[in-house]
Amino acid sequence: MSVQQKKTEQEHVRLPYFGLNRLFPFLKPYRHILLLMMGLGLVGSLVDIALPLFQRYAIDHYIVGGVTDTLATFILLYVSTLIVQVFANFFAFFHATHVEMKIGYDLKKATFNHLQTLSFSYFNQNSVGYIHSRVMSDTSRIGELVSWVMMDSIWHTSYIIGAIAVMLSINWKLALLVLTVVPLATLLIALCRKHLSNLNHRIRELNSKISGDYNEGITGAKTIKTLVVEKTMIREFDEDTGVMKRTTVKASHFRGMLFSSVSFFSMLALALVLWRGGLITMEQAMELGTLSAFMSYAQGLTEPLLWLIESINSLINTQVNIERITRLLQTESDVSDTSEVIDAYGDAFSPHRENWESLYGDIEFDDVTFRYPDGEETVLEHFSLKIPRGTQVAIVGETGAGKSTLVNLVCRFYEPTVGRILIDGRDARERSQLWLHSHIGYVLQTPHLFSGTVRENLRYGKPNATDEEIWEALRLVSADAVVNRMDNGLDSEVGEGGDLLSTGEKQLLSFARAIIADPRLLVLDEATSSVDTLTEQIIQNAISEVTKGRTSFIIAHRLSTVREADVIIVVRDGKIVEQGKHAELMAQKGYYYTLYTRQFERDTVNAIL
Amino acid sequence: MQGSKRFFLISIFTSLLITFVDTAVPQIVRYTVDTVLGNEPSELPSIVNDLIARIGGTPYLRGHLWVLAIAVGCLALLSGVSRYLQRVFSTTASETLVRRMRHLLFSHIQYLPFSWHMQNRTGDIIQRCTSDVETVKNFLSEQLISIFRIVLQITVSLSMMYAMNVSLAIAATVTLPVILLYSLFFGGRIRRRFKECDEAEGVLSAIAQENLTGVRVVRAFGREAYERDRFDAQNTEYTNRWLRLSRLMAAFWGVGDFIAGIQVMLILTLGVLQCAKGTMTAGDFIAFMSYNTMLSWPIRRLGRMISELSKAGISVDRLHYILSSPIEQDRPDAVDADLRGDIVFDDVSFGYTDDAPLLSHISFTAKSGQTIGILGGTGSGKSTLMHLLNRLYPLPEDGSGGRITIGGVDIADMKAEQLRRGVGMVLQEPYLFSRSIADNIAIASEGITEEDIREAARIACLDDTVNEFVDGYDTFVGERGVTLSGGQKQRAAIARMLTQKTPIMVFDDSLSAVDAETDARIRAALNEHLGDSTVFLISHRTATLMHADLILVLENGCIAESGTHEQLMTRTDGIYRRIYELQLAGALEEEVTV
């Protein structure tokens, strides 16, 4: 089996300041809460440092000394300290989650909204899955980093520093002895952590591989059964789970070492205190309570060390998420409105509809040269074409020949490399994208519905459409029968991506959806390829109805559907090779003629299958 | 379970070791403080006292304090090693089990009947197989051992405490049920909120997914603002749910800290009073405090873990649902399938549900080597008819749905595997696997050569296309084959079927996404390679069907008309004739104008 050539994701990225400086704009609204959090973390760790001192006092004064006169004050002080800690922890936790979620929210919102403005070349270059995990998981990871990692590192650092300071002040010789375990522990923990990070990364990859296997085994069930390849699928799945098991067990060695080293070094520190501290106490140079407190600090040193290293580790790992998010947010659209246009017409989110002119549908390609931003070949060269309002333009050619190019340009999904496109006599760039798009009706080759009810989907182009308008449109494309068949009529759910409907049904509904908005420009992208013959005939009639008075573009590979078109554009290998009316093109006996006669032959003679 | 039992046992043994070390260390500390540094009599077990006496007694230790340090050091090593081993063995045990579980699930799913796949949503099943397995795995690898260890630790700590000082131990114990109950209470609520958050995240994720896949629609309809609002509303909902959860969690930790602190204070005060009275030694006090810290944390964790237990239980139930669904099985006396004979549909009726028949009383005979054309509208049951033929959908056992025979043998009596191997099928929306084009074409045929693959691709008119790819036949087809166009996928599926060289071939509208020219080329090439196979051809186009030996016109699940093209054309008002004339009309018109 060949190795999958996926889009390789950089896992190890090094950014200056761990990339945190790039997050400043997102942190700014929360700077006060962040400061408060850090303060609370500091308080929390201070209390933790203070608690053994209480114990020390109790042992030295009450137990060894035998005097209990200050006990009431002691208890009061102790309880107050506890209450301070409880509140510090409560608010620190609450604020940390608050900041985590809010930054996640802000980042999700920013990336999602930014995606709404990016041009199609971005979506062609990046897979849906890739973009989706930028919006969903990178944002969450960054939120987590900012709140928890920051909070934890403050907490643990201050605890370690505090504990060391107290130990040094009690007995610096003993403290220095105990501190010898710190570099050893750090080294071992960091080493395990590094290996563990690599293995965890591998485990994540394997996990998505196994999910992918399940996905294939389930969505491909029909094909697997038909081909009788169950055994092959199971064998390959078992190979993947075998690798998963081995990798996880390997990781457990390092994880085990990580946690056992914490317990080992903390006990080792205790042993050291017991030995040297014991001697010092015997020489009466140290009180018993002090020894006990010292033991607490020595034992408590390694665990914060572990968590501190964990924090640094996630700081390093999150750089890649920061890098990806900021790159996405910095990506600029190839197609954008000028600031003058936005001032007059508004942007995608706050349109100034009151300034919008009507669109009549006169379209002109004026000496257009075009190359796809990610492509190498020029697909249009000095192309000029006048399309008066109400014209029906058909675009024909083989699958993958680039029939969508003209439509992409008219819809301003892409902009001409050189030259201009005039709409109603004015350069398309003089008006906003949303203005143009609000006048377009679009039926796609692969119909795409959104989860929700039939009504919600049909209203997509016109949110305030009445049920009468909806039914009228449904009748026009003979989709009323489809809706009548459903249990809840217009209120029926269509499922995710319209999954609950057949392709033909989706096609009919997306046709109705386009009509309801009463668009001036209509784009039909191989719209009739997956409905049965009778329905196709009805749709044909509907097409000639709805294209009356509208400028329309029909992309089709069934040549029978385009005979009536005012102009037929023939595309081959991405370029326009012929254009004209059906009769003219047939008379030319060129490529169109070949295509047409092939189909004619297929329809009448050659279809022996 | 078999292979992992040993690992679980070792894991439990190491847990015992860890608890022993954790208990022994405070005792050494106590002994050092009280007996070595102070002058109290030793309260260690007599065996240990004997041992100390043998090396020279307390006075010796006073002079050689490092011996005690070494003892702690040894225990530290023991603790470290057993913690390490425990982790490794419990992981090995749970991974062995989980791998077995994954295998059972996957292979069970592979053999579940197709109707089961139709009834269950893919996303739901995948979620069961991934996150529910993950939950069970966490339970096995983390919680199971942890719970055991926590219970052990609590028992040992408590008994040590009771052995040392009963009244103080009672004071320490009274708060424990409170901590446990409150952890249980919070644990349950936190889990419910967690579930809500998960669900909200699922909805948010789906909205983003749909927006991205439907980007063309969003833009062409100029609905960016609507999408933004839709996403924002759910984003807010999701964030708010999390904030509600975090308030609960913060309260949980806060109150937990407080109760634990109060408990420590209680013992501290009582301990101090007892020490002052002389009923307790300083060493006892320090050791007691150590045991007490071993108590309160585990109890809090225990509470949450017990509430998590139900989560694992739910996951096991959800997995059991899959594993308990009955798989496809041949009849015990199933015979080898010989598919060379005539195919007879004898009064076949079928519906996914009992009340809505999709096909009713279908009877026809396809003679061996014939081509059968099937014409029908969307949802007329033509694909289902073919799925009955390869038993993707079995007919009712009692014979109420009629029967299908090949060469006189009921297909219900054949081995399903052989039957399906003999029926090659190209589906309307073909599914390609995430692997190279060559592997996709070769997947169903063992020992196939590279030349065979190319030959099949040539017949399906895929060879030229593939050669244009940089990696040629090694080009990887992404998940669900997204890198290929619809027409290319159909051609790959045709090539895949051709390598099987099956006696029965089904083309289920399988050239719908291919352009006219390629379509014609494929048909011509195919025609030469069909051999004596029996062919079923499903299409919307009469021109494709007209040369079939038998044409069936399906309408609302019944055969409305059947016969050869010529026979059907004699019916003045027949459906077939009407459709044929509609389809032909355009073409003939052109003949006149040109």
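Domain bounds here come from an automatic or database domain assignment. The model is predicted: local features need pLDDT of at least 70, side-chain atom pairs count only at pLDDT 80 or more, and totals for chains, interfaces and linings use all residues. Residues are numbered from 1 along each chain as its sequence is written, while chains are lettered from A and ligands numbered from 1 in the order in which they are written.

**Stop 1: the domains**

Select residues 23-330 of chain A for domain 1, then 353-576 for domain 2. Their C-alpha centres lie 53 Å apart. Contact means C-beta atoms, placed from the backbone, within 7 Å. By that rule, 5 residues of domain 1 of chain A touch 5 residues of domain 2 of chain A. The domain 1 side of that contact has 1 nonpolar residue, 4 polar and no charged. (Ala, Val, Leu, Ile, Met, Phe, Trp, Tyr, Cys and Pro count as nonpolar; Asp, Glu, Lys and Arg as charged; the others, Gly among them, as polar.)

Switch to chain B. Select 1-163 for domain 1 and 343-593 for domain 2. Here the C-alpha centres are 61 Å apart.

**Stop 2: where the chains meet**

Show both chains. The contact takes 136 residues from chain B and 139 residues from chain A. On the chain B side, select helix α4, residues 66-111, which gives the most, with 27 residues. Helices (H or I, at least four residues) and strands (E, at least two) are DSSP runs, numbered from the N terminus. Color the chain B side by type: 69 nonpolar, 40 polar and 27 charged.

**Stop 3: the cores**

A residue is buried if 20 or more other C-beta atoms lie within 10 Å of its own, exposed if 12 or fewer, and partly exposed in between; C-beta atoms are placed from the backbone. A nonpolar core is a set of buried Ala, Val, Leu, Ile, Met, Phe, Trp, Tyr and Cys residues joined through C-beta atoms within 7 Å.

The largest core has 228 residues; select A269(A), A271(A), V273(A), V72(B) and A460(B), which touch the most other members. Helix α9 of chain A, residues 230-282, gives the most to this core, with 19 residues. A second, separate core of 96 residues includes L380(A), F450(A), Y596(A) and V218(B).

Zoom in on A460(B). Leaving out residues up to four places away in sequence, A460(B) touches R491(B), I494(B), A495(B), L498(B) and I522(B).

Next door is C461(B), in the loop between α14 (450-459) and α15 (463-468) of chain B. Its phi is near 55 degrees, a positive value in a residue other than glycine. C461(B) counts as buried because it has 24 C-beta neighbours inside 10 Å.

**Stop 4: a covered helix**

Select α10 of chain A, residues 288-299. Its 12 residues reach 17 Å from first C-alpha to last, close to the 16 Å expected at 1.5 Å a residue (1.5 Å times one less than the number of residues). In α10(A), 12 of 12 residues are buried. Among them are L288(A), F294(A) and Q299(A).

**Stop 5: strands and a turn**

Select β3 (371-376) and β9 (550-555) of chain B. They pair in the parallel sense over 5 bridges; pairing needs at least two bridges found by DSSP. I372(B) has L550(B) as its bridge partner.

Add β10 (558-563) of chain B, which pairs with β9(B) in the antiparallel sense over 5 bridges. L554(B) stands opposite I559(B). These two strands form a hairpin with 2 residues between them, and N556(B) in the turn has a positive phi of about 50 degrees.

Finish at D424(A), in the loop between β4 (418-423) and β5 (426-427) of chain A. Its phi is near 50 degrees. D424(A) is partly exposed, with 16 other C-beta atoms within 10 Å.

Note on methods
Contact = placed C-beta atoms within 7 Å.
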